Amino acid sequence: MKRQRLFPSTGGADSPTASVSSEARRISNAAIPAFALIPMLQHSGSAARCLVRPGDRVQEGMLIGKADGARSANVHSSVPGTVVRVERTTGADGTVSAAALVEFGGEFERTGKAPAVEDWEKLSRSDLLGRIRSAGVVGLGGGLQPTHLKLAREPGRVASRLIANGLDCEPSLQGDTFLMREKSAEIVTGMLICGKILGTARMVLAIGLAQEEELLPLFHRASEHVDRAFEVVPLPSRYPLGHEDLVRAAVLAKAGDADGDRGAENGSAECVVLNVSTLFAVYEAVVRGRPMIERTVTVSGSAVRRPSVLKVRIGTRVGDLFEECGGFLEQPGKVVLGGPMRGVAVSSLDFPVTKGVSGVLAYTRAEARPGPEMPCIRCGACVEACPWELVPTRLHKLIERGEIAQALAEGLSSCTECGCCAYACPSRIPLVESLRQGKRRGAPSHHG
């Protein structure tokens, strides 16, 4: 496998960023949904086992889906109310699972009340892991891996560093930036909790250069009383440097010590990378005893009247978020769940927000239809854009000819489907979809 670029100065993409409106400088609370559709599959493993039936009364934060399998995660009700029905539902990414439709009604157990605060420093590592697992915390940077699995370590094994990834994972998404602006102290506490579990004394927060002036003072104040090495490392904001592997490589390259070199060789063995939203969820779970029932969502795009960052209850209908933001300037030509590069286009506004929905974007018809596909002109733009030093046009041709084994030999499995190649292509060749299909065709027929 080819060595990854640490800083994709000649790779990646400077894609247009649809900004959040200037007056929306803070995270707003989205309205509590009248009906919350809560899928049992909102993580990287198998679906949780649904624990409720139609007619059951549920409370805010109540466990309604129990983790079923090593990589599964618990699911909780985001609102108090009554289970209307349990149905099979298909997610935007094509995954199918049971989902509980909860009609809002009754009193909140937590919202609007003074939160209970736990002295987490008195808890053991196993107790801390247990609370994170119980709360159903998963990686909010896109991977959706249950966080307790990422933090678990064999006895006596420690991580050299904990890296908090504060780079928004895609252009147009600003949830992590807004969260760092408002919750710096809580994020630092989340880092301390995870640092205790990992046994590491070295913590690094990676932020974008564009946010350095604003965020550095906030985190310097938030970390004043931290009794271990704490460093803020600004990195280029160029997409896709927010990818976990690139953040890790960039931080270790800046450190330049022997420990960092070993970490670069061993992949994730020597340091752990967690998204700042995940760290805030860890804080909520451990310190406040709050399960993962909401997340920050960027609502943006050229067709949205008032782009904003919202705190949204899991299960909220996507269409309701657009209404929160003043509706559409015109009927959108495309709606995307996620970011503009790796998100999934959907044909309905009825999909629910899940733990994995970081953004909801709506584009005008003109922006959604850039033009027809044309023949490759061999310009090399896709090669220059690929952060993984692949040759997308070559892989595309191999896949077209059915030579999947050769495509795999030339690095197809290293493709993260970041979308940089397709974005850079002047001929509008759907390179990402081609490479995605090739990877599926080359994958083993069984699923472990």
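This tour visits a series of sites to select in turn in the viewer. The model is predicted.

**Val79 and its surroundings**

Begin by selecting Val79, located in the loop that joins β6 (75-76) to β7 (81-90). Val79 is buried, as its relative accessible area is 0%. To display the residues around it, select Ile32, Pro33, Ala36, Val58, Gln59, Glu60, Val102 and Phe104; Val79 touches each of these, residues up to four places away in sequence being left out of the list. Then add Glu109, which lies 30 residues from Val79 along the chain, with 9.3 Å between the two C-alpha atoms.

**Phe178 and Arg181**

Proceed to Phe178 and show its ring. Arg181 lies over the face of this ring, 4.5 Å from the ring centre.

**Helix α4**

Next, select residues 184-198, which make up helix α4. The helix has 15 residues, and the distance from its first C-alpha to its last is 21 Å, close to the 21 Å expected at 1.5 Å a residue. Is α4 largely enclosed or not by the rest of the structure? Of its 15 residues, 13 are buried, so the helix is largely enclosed. Extend the selection to Gly199, just after α4, where phi is positive at about 75 degrees.

**The aromatic pairs**

The structure holds two aromatic pairs. Select Phe280 and Tyr283 for the stacked pair, whose ring centres are 6.1 Å apart and whose planes form an angle of 25 degrees. Both residues belong to helix α8 (residues 276-287); because they are three residues apart in that helix, about one helical turn separates them. Phe280 is buried at a relative accessible area of 16%, and Tyr283 also counts as buried, with 15% relative accessibility.

Now move to Phe322 and Phe328, a tilted pair with 4.8 Å from centre to centre and 50 degrees between the planes. Within this pair, Phe322 is buried, with a relative accessible area of 1%.

**Ser308 at strand β14**

For the last stop, select Ser308 in strand β14, which spans residues 308-313. Which backbone oxygen lies 3.0 Å from a polar atom of the Ser308 side chain? The oxygen is that of Arg306, so both residues should be shown with their backbone and side-chain atoms to view this pair within the 3.5 Å cut-off for a polar contact. Ser308 is itself buried, because its relative accessible area of 8% falls under the 20% limit.

Conventions. Residues numbered from 1 in each chain as written. Predicted model: local features only at pLDDT ≥ 70, side-chain atom pairs only at ≥ 80, totals over all residues. Heavy atoms only, no water. Helix = DSSP H or I, 4+ residues; strand = E, 2+ residues; numbered from the N terminus. Buried < 20%, exposed > 50% of the residue type's maximum accessible area, 1.4 Å probe, protein only. Polar contact = N/O pair within 3.5 Å; in protein donor to acceptor, adjacent residues only side chain to side chain. Contact = heavy atoms within 4.5 Å. Expected span 1.5 Å × (residues − 1). Phe/Tyr/Trp six-rings, centres within 6.5 Å; stacked < 30°, edge-to-face > 60°. Lys NZ or Arg CZ within 6 Å of the ring centre and 35° of its normal.
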